[in-house]
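Reader: I should like to learn how to read the features of a protein model. Could we work through one together?

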Amino acid sequence: MRILFLGDIVGPPGVALVRKALPDVVTREKIDIVIANAENGSNGTGLNPNTYKKLRQSGIDLVTMGDHVYKKQEIIPLMKEDERICRPANFPAEAPGREYVLTAAADGTMVAAFSVLGRTFMRSVDCPFHAVDRVLAELEGKAKCILVDVHAEATADKYLLAHHLKGRVSAVLGTHTHVPTADEQIFPGGTAFISDVGMCGPYDSILGRRVDRVLYTTVTFVPSAFDVAEGDARLAGAIVDVDAATGQAQAIRRFMLRETEL
Ligand SMILES: [Fe+2]
Ligand SMILES: [Fe+2]
């Protein structure tokens with residue numbers, strides 16, 4: 001069973017490239033299920049219902065979110081009802097939305113996904129280690145193929161969580177920094193890991209935003225609108241092969257597709 005996981009989808013360039021390229025990628029790579037973090041889908045911050053529907057129609061089966069989850073508040077009613085999108089699992093219990101998502105992949109395997117936020121250089125959230133333990137207890141008997149999106153700044157946080165989860169989930173894949181890393185590996189017990197899969201969006205940018213605006217504000221301290229950039233759109237993620245019977249990962253490879261290759 002083959003999972004494609006896409007990192008933070010950023011703004012119109014990211015959404016447009018997903019819509020343009022994903023159906024062919026799914027066919028060519030023989031993907032059974034597509035999971036994506038879409039926290040930056042609408043103008044770089046948050047996700048509105050219209051963009052969510054476009055992403056789902058383009059072939060994304062399950063959607064995780066990060067720290068920007070509620071920036072477009074019109075997503076909140078959808079998050080309460082829709083079964084294919086979840087908020088970070090270590091948010092307060094009162095936070096709207098579900099803690100995990102679950103569906104059958106193309107080959108019939110039940111696959112679950114959820115995200116947790118790290119706590120280094122991020123807003124205070126509940127303990128991600130306790131949160132993953134709680135969600136895994138809820139998933140007992142529901143799915144063996146489980147993908148955890150660790151949405152965090154610090155690589156150490158991501159490695160620690162992977163060691164906490166090794167042998168218990170199929171994959172621990174990093175998001176949030178928008179910069180892909182080259183440390184993909186399989187931990188003992190069959191848990192695929194990478195610190196960050198990178199973003200789906202404009203790479204001629206500062207993490208998806210216009211270079212001139214971010215540079216101006218950083219140098220002068222004068223605020224400016226950090227609009228989403230436009231150039232060099234790419235899809236970035238990871239492809240994980242999982243033994244459907246055991247949920248153990250067999251292989252992980254980085255995925256990157258440039259718009260110019262199409
Ligand atoms: Fe992001
Ligand atoms: Fe984030």
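Author: The discussion that follows goes from the whole chain to its metal sites, a pocket and a few single residues. Please keep in mind that this is a predicted model.

Reader: Which helices and strands make up the secondary structure of the chain, by number?

Author: The chain comes to six helices and 12 strands. Its radius of gyration is 17 Å, close to the 18 Å that the globule rule gives for 262 residues, so the chain is as compact as a globular protein of that length. The C-alpha trace spans about 55 × 40 × 35 Å along its principal axes, and 56% of the 262 residues count as buried.

Reader: How does one read a metal site, and which residues coordinate the iron ion (ligand 1)?

Author: One looks for the donor atoms, then for the angles among them. The iron ion (ligand 1) has as its protein donors Asp8 (OD), Glu39 (OE), Asn40 (OD1) and His178 (NE2), which lie 2.1 to 2.3 Å from the ion. The angles among these four donor atoms run from 89 to 172°, and the site is irregular. In sequence, the spacing of the donor residues is D-x30-E-N-x137-H. Distant parts of the chain are linked here by a pair of donors: Asp8 is in the loop between β1 (2-6) and α1 (11-28), while Asn40, 32 residues apart from it, is in the loop between β2 and α2. Both Asp8 and Asn40 are buried.

Reader: Which residues coordinate the iron ion (ligand 2), and why is its arrangement irregular?

Author: The iron ion (ligand 2) is held at 2.1 to 2.2 Å by Glu39 (OE), Asp67 (OD), His151 (NE2) and His176 (ND1). Its four donor atoms subtend angles of 85 to 145°, which makes the arrangement irregular; a tetrahedral site would need all angles between 85 and 135 degrees. Along the sequence, these donor residues follow the spacing E-x27-D-x83-H-x24-H. Glu39 lies in the loop between β2 (33-37) and α2 (49-57), and Asp67 in the loop between β3 (62-64) and α3 (76-81), so this pair ties together parts that are 28 residues apart in sequence. Glu39 and Asp67 are both buried.

Reader: Which residue bridges the two iron ions, and how far apart do the ions lie?

Author: Glu39 coordinates both ions, and the distance between the iron ion (ligand 1) and the iron ion (ligand 2) is 3.4 Å.

Reader: How is a pocket found, and what lines the largest one?

Author: Rolling a probe the size of a water molecule over the atoms shows where empty space is left. In this model, the largest pocket holds about 150 Å³ of space. Its lining consists of Leu136, Leu139, Glu140, Gly141, Lys142, Ala143, Lys144, Ile146 and Arg168. Sorted by class, four of the lining residues are nonpolar, one is polar and four are charged.

Reader: Which residues have a positive phi although they are not glycines?

Author: Asn43 has a positive phi of about 50°, and Phe221 has one of about 70°. Asn43 is placed in the loop between β2 and α2, and Phe221 in the loop between α6 (211-220) and β11 (233-242). With the cut-off for exposed residues set at over 50%, Asn43 counts as exposed at 56% relative accessibility, and so does Phe221 at 73%.

Reader: Where is Met256 placed, and how far is it from Leu6 in sequence and in space?

Author: Met256 is in strand β12 (residues 249-258). Met256 and Leu6 are 250 residues apart in sequence, and their C-alpha atoms are 9.4 Å apart in space. Met256 is partly exposed, with a relative accessible area of 29%.

Key: Residues are numbered from 1 along each chain as its sequence is written. Chains are lettered from A and ligands numbered from 1 in the order in which they are written. This is a predicted model: local features need pLDDT of at least 70, side-chain atom pairs count only at pLDDT 80 or more; totals for chains, interfaces and linings use all residues. Side-chain values use heavy atoms; hydrogens and water are left out. On a 1 Å grid over the protein atoms alone, a cavity is a set of points where a 1.4 Å probe fits but cannot get out, and a pocket is an open set with protein on both sides within 12 Å along at least five of seven lines; lining residues have an atom within 4 Å of a point. Grid points are joined across faces, edges and corners, and a volume is the space filled by probe spheres set on the points. Ala, Val, Leu, Ile, Met, Phe, Trp, Tyr, Cys and Pro count as nonpolar, Asp, Glu, Lys and Arg as charged, and the others, Gly among them, as polar. Donors are N, O and S atoms within 2.8 Å of the metal (3.2 Å for Na, K and Ca); water is not among the atoms, so sites may look incomplete. Four donors count as tetrahedral if all angles lie between 85 and 135 degrees; four count as square planar and six as octahedral if opposite donors are over 155 degrees apart and all others between 65 and 115; anything else is irregular. Helices (H or I, at least four residues) and strands (E, at least two) are DSSP runs, numbered from the N terminus. Buried means under 20% relative accessible area, exposed over 50%, partly exposed in between (1.4 Å probe, protein chains only). The radius of gyration is taken over C-alpha atoms; the globule rule is 2.2 Å times the number of residues to the power 0.38.
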